Amino acid sequence: MLFITSENLKPNMVLAMDLTLYNKYNFKTLLLKGGQPLSISIINKIRSNNISGVYIKNEELSKNLYNKIDDELEGELLTRIKDIFYKYKLNNIIDKKLIWDIEDLADNLIKESIVNKTLYYNTLNFNSYDDYYFQHCLNTCILSISLGDSLDIKGRTLQELAIAALLHDIVMLTFPEEIICKKDKLSKKEIQTIKHHPIKAVKEFKSFVSNDILRGILNHHEHVDGTGYPYGLTGNRIHLFGKIIAVCDSYQALTTDFHYRKAKSKAQAYKYIADNIDTKFDSETSKVFLQNIILYPVSEYVKLNINKTAMVCENNAGIPLRPIVKIINADGTLSDEINLIYEENKDIEIIDTGHTYEYVVSSCLCGEKTRYDGKVFIDEKIKKLVDDNKAIMVCPEIMGGMSVPRLPCEIQNGKVINIASDNKTNYFVDGAIETLKTVNKYGIKKAILKEKSPSCGSSCIYDGSFTKKLIPGEGITTRLLRLNNIEVISDEEFM
């Protein structure tokens with residue numbers, strides 16, 4: 001599933017989960033049911049409730065929009081390939097049943113990649129050493145299907161390419177774990193054992209699959225300049241399947257953690273392939289791969305070399321390293337679009353994916369003029385978290401619609417009132433909801449909030465008498481965050 005901002009929602013997109021608002025009276029109310037297709041009226045309803053975005057299920061997007069994969073589909077595909085590979089590993093027997101299962105899985109992957117577009121140039125993200133070879137073969141197959149489609153390979157030929165990609169490393173499961181999981185440098189004998197795996201696979205499968213599939217498996221470590229293995233083939237002596245799988249296998253391996261090395265970034269893997277065109281990789285297949293691979297999905301967070309985090313909002317066709325982004329401001333809002341292909345932005349580069357935000361923090365602690373009395377205060381330790389892109393500032397009261405300056409407010413008999421006895425509860429509840437949205441949007445699990453505040457107090461608040469008397473209690477925002485399993489600590493506790 002994919003988080004799509006409200007302004008980018010389109011009719012017929014399908015909600016991945018229930019959309020819930022926290023009601024002003026009982027905190028929680030269902031707005032829309034998961035699985036519901038969006039219409040123009042529903043999209044307007046989402047926008048009118050000031051919802052920043054929603055999670056979309058199995059959304060069919062153009063090449064410039066990128067699907068994240070449904071957890072159910074991930075689990076199903078991993079289970080299927082494990083069942084097939086484990087039977088092979090335990091019995092070390094190749095039979096027609098295994099090949100039928102591989103063909104069926106290949107057909108399913110082609111459907112999800114080419115027909116549904118769910119997996120088109122979109123790899124699964126399992127991140128488990130124990131599952132490495134299962135996920136590696138799956139992802140290499142997904143990329144090979146996508147690249148094959150870009151090269152106009154269709155029908156039975158595409159199915160055979162998918163089968164070759166699924167089987168290209170299967171015999172690695174029969175090698176001793178002390179070799180394939182070794183963290184130290186392999187000995188010459190161990191290297192030769194590893195380099196023998198394409199030959200071993202062909203010997204085992206030669207009675208069950210076509211010659212094209214066998215050559216795809218046999219050739220996937222050959223280099224067009226003759227420096228590959230097992231036979232040192234060059235140029236056109238390498239089968240097209242081998243050339244395709246070689247690119248996809250390398251990209252997938254480089255971008256995945258394994259026992260003996262950390263994954264490279266997608267940009268580093270992209271550069272590695274680009275730097276090895278006409279040496280390790282075939283020119284035509286690798287150039288088509290590099291033109292079509294989507295490095296940074298829409299709505300993914302990326303880290304820039306200017307010490308900023310941004311959100312990808314569109315990919316530039318054929319230039320995957322330079323998408324259009326919006327920088328995330330210190331208060332969680334987004335800047336105007338920045339197109340990285342423009343000359344004025346040539347020095348801005350993406351250096352990694354994800355974001356570094358660990359906390360939301362009260363903006364009144366960071367020099368922002370959000371206190372009720374308009375005074376400015378800075379807690380240097382907390383402000384440094386913002387400066388280091390480790391925290392996003394929030395002021396629930398401002399986010400709920402209140403202004404600066406404003407009359408002081410305290411909680412009295414479960415309601416928030418100001419010193420003039422006006423009921424301001426709705427503003428505080430609205431601000432709490434907006435804060436929760438920010439926390440959920442970035443997957444943040446911790447908050448550092450201003451103690452004693454009717455919004456942010458975490459262990460004590462003023463008693464409602466406006467005499468500065470403190471009582472045990474928590475503010476409206478703190479209560480909502482804790483109900484949603486967000487850790488809240490006070491500025492006084494933060495060290």
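Q: Which residue is the bridge partner of V302 in strand 7?
A: In this predicted model, V302 has A310 as its bridge partner in strand 7.

Q: And what stands opposite V302 in strand 10?
A: That residue is T353, and strand 10, which covers residues 350-353, runs antiparallel to strand 6 and is joined to it by three bridges.

Q: Going back to strand 7, in which sense do strand 6 and strand 7 pair, parallel or antiparallel?
A: Strand 6, made of residues 301-304, and strand 7, made of residues 308-314, pair in the antiparallel sense, and four bridges link them.

Q: How many residues are between strand 6 and strand 7 in the hairpin?
A: There are three residues between the two strands of this hairpin, and N307, which belongs to the turn, has a positive phi of about 60°.

Q: New topic: how many helices and strands are there in the whole protein chain?
A: The protein chain has 16 helices and 18 strands, and its C-alpha atoms fill a box of roughly 85 × 45 × 40 Å when this is taken along the principal axes.

Q: What percentage of the residues count as buried?
A: The chain has 495 residues, and 52% of them count as buried, while the area that the chain exposes comes to about 23,000 Å², with carbon and sulfur atoms supplying 49% of that area.

Q: What about charge, so how many positive and negative side chains are there?
A: The protein chain carries 63 positive and 65 negative side chains, and the centres of these two sets lie 2 Å apart.

Note on methods: Residues numbered from 1 in each chain as written. Predicted model: local features only at pLDDT ≥ 70, side-chain atom pairs only at ≥ 80, totals over all residues. Heavy atoms only, no water. Buried < 20%, exposed > 50% of the residue type's maximum accessible area, 1.4 Å probe, protein only. Areas by Shrake-Rupley, 256 points an atom, 1.4 Å probe, with all protein chains shown as cover. Lys, Arg positive; Asp, Glu negative; His and termini not counted. Charge placed at Lys NZ, Arg CZ, Asp CG, Glu CD. Pairing = 2+ DSSP bridges.
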